[in-house]
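This report describes the overall fold and the main pockets of a single protein chain. Please keep the sequence and the structure in view while reading.

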Amino acid sequence: MTKLIRGGTVVNHDHSQRADVLVRDGAIAAIGPDLEAPANAETIDAGGCYVMPGGIDPHTHLELPFMGAVSVDDFEWGTKAALSGGTTMVVDFCIPNPGQSLLAAYQDWRRKAEGAACDYGFHMAVTWWDKQVFDEMETCVKTYGINTFKHFMAYKGALMVNDDELYNSFLRCAGLGAMPLVHAENGDVVWRLQQHYLGAGVTGPEGHAYSRPPGVEGEATNRAIMIADMAGCPLYVVHTSCRDAHEAIARARTNGQRVFGEPLIQHLLLDEDEYRNKDWDYAAQRVMSPPFRPKAHQASLWAGLQSGSLQVVATDHCAFTSEQKRLGRSDFTKIPNGTGGLEDRMPVLWTAGVNTGRLTKEEFVAVTSTNSARILNVYPKKGAVAVGADADLVVWDPRATKTITANKQVSRIDYNVFEGFRCTGLPRLTLTRGKVAWRDGALCAEAGGGAYVARDPYPAVHVANATWREFTAPRGVARAEVTP
Ligand code: URP
Ligand code: ZN
Ligand code: ZN
């Protein structure tokens, strides 16, 4: 079906222009002033609106089994929520259990994603280390189109990897032209602090924030950056929540390292006072890792987005219901970690970022879409309003308003961490590869309409011909290493 989006202002990350956009067969066929409408084309009026690349959320957990619960927004509802808020691609995490095959995890996630309503890609988590993982990483890159590998430096006794595993995996990434991602919190220190606060009788959600201070994130971020430097690979730090972590990233970039940082929309707006709320459910609904920070950290994150030392805004959408959160009623360490935000990310960021003058509309496009596409190596197929690009587009009405409320959201959870937030700037229409998925407040996305997006390895290979070598470490320090 051919569509002509007429009368809007096309906004890309680097420039804006008054132009019409012609969409044909799921891709952008032409951009220019006063385009002729072909016969049978549907005309979409974008007068007074911006026509922007659909958002890319590089960090989601749809239908994730975690901490004794499974996040309730599956690929169908998570991606429908995304489309209702102007996001047209998500990148989710395949997370094998320690000891489980990466290839099996990939198949598992492909099956879960069959209901996706928008396009999606995967990161692969490295949760253990062995020759099997070393070998399967190659299949992920060369056969499955996964060029990013996630490492949890937290969640001790579950998903956490140690420095030996981190270094081996980072070397392997370098050899494969892949990029490691880290959840940067010092899991050993977190575990000790959790025991300390539980021992002192702190069992409520506030204990979650006390036991994960900014220092645990700053330390782990610095460590991961230095390990990446020694392994000769780039690094992407997920959910950068505090000044300590941001400064480590900014410093590394100043030194010439290729390090990327990803604040979440939640951390930009919400602070640790949320955990002091007397209503246990309210506070537990906001438990995620890293936790919301003292307000002063937010200025650092905004400055990072403005200056370019932080590149993308994500959600880490991992939606647990109030009932699921109650698994931790008497022990905060058992509250499933995660919050929602997929449908709110773009309207909230526009309101708090563009309408306040912190970000230009072009910078908004950069941090919600283009930078992710470039960093994850799917640009300009995604992240651009350009001829030949996928017609993943949002027609953005900067004057439209709404007040966020869980009662009206698409997400399946029963609360919203942005409840009551007044947004000005909303998608009037969202197109996923040329198909209308959201129009004037009505969802018309189709389950299963999304496609898997394979991503090529990065061209710059820093360590060539990495091979597996087993050895017996003299003091039992390492089980194996990768040598160039
Ligand atoms: O609390 C969070 N962030 N839950 C999802 C898993 C993760 O750490 O990203
Ligand atoms: Zn994480
Ligand atoms: Zn996450």
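## Overall architecture

In this predicted model, the chain contains 14 helices and 22 strands. Its C-alpha atoms occupy a box of roughly 75 × 55 × 40 Å along the principal axes. Because a compact globule of 484 residues would have a radius of gyration near 23 Å, the 22 Å found for the chain agrees with that expectation.

## Burial and contacts

Of the 484 residues in the chain, 62% are buried, while the area that the chain exposes comes to about 17,400 Å², with carbon and sulfur atoms supplying 49% of it. Among contacts between residues at least 6 apart in sequence, 76% join residues that are at least 24 apart.

## The largest pocket

The largest pocket has a volume of about 500 Å³ and a lining of 27 residues, with Phe66, Met67, Tyr155, Lys156 and Ala158 lying nearest its centre. Two or more lining residues come from each of β9 (65-66), α2 (102-112) and α5 (187-199), and α5 gives the largest share, with five residues. By character, the lining divides into 15 nonpolar, eight polar and four charged residues.

## The second largest pocket

The second largest pocket holds about 370 Å³ of space, and of the 18 residues that line it, Lys402, Lys408, Leu426, Trp438 and Gly441 are the closest to its centre. The strands β17 (393-403) and β18 (422-432) each supply at least two residues of this lining, which divides into five nonpolar, seven polar and six charged residues.

Conventions
Residues numbered from 1 in each chain as written. Chains lettered and ligands numbered in written order. Predicted model: local features only at pLDDT ≥ 70, side-chain atom pairs only at ≥ 80, totals over all residues. Heavy atoms only, no water. 1 Å grid on protein atoms, 1.4 Å probe; cavity = no way out; pocket = protein on both sides within 12 Å on 5 of 7 lines; lining within 4 Å. Points joined across faces, edges and corners; volume = space filled by probe spheres on them. Helix = DSSP H or I, 4+ residues; strand = E, 2+ residues; numbered from the N terminus. Nonpolar A, V, L, I, M, F, W, Y, C, P; charged D, E, K, R; others polar. Rg over C-alpha atoms; globule rule 2.2 N^0.38 Å. Buried < 20%, exposed > 50% of the residue type's maximum accessible area, 1.4 Å probe, protein only. Contact = heavy atoms within 4.5 Å. Areas by Shrake-Rupley, 256 points an atom, 1.4 Å probe, with all protein chains shown as cover.
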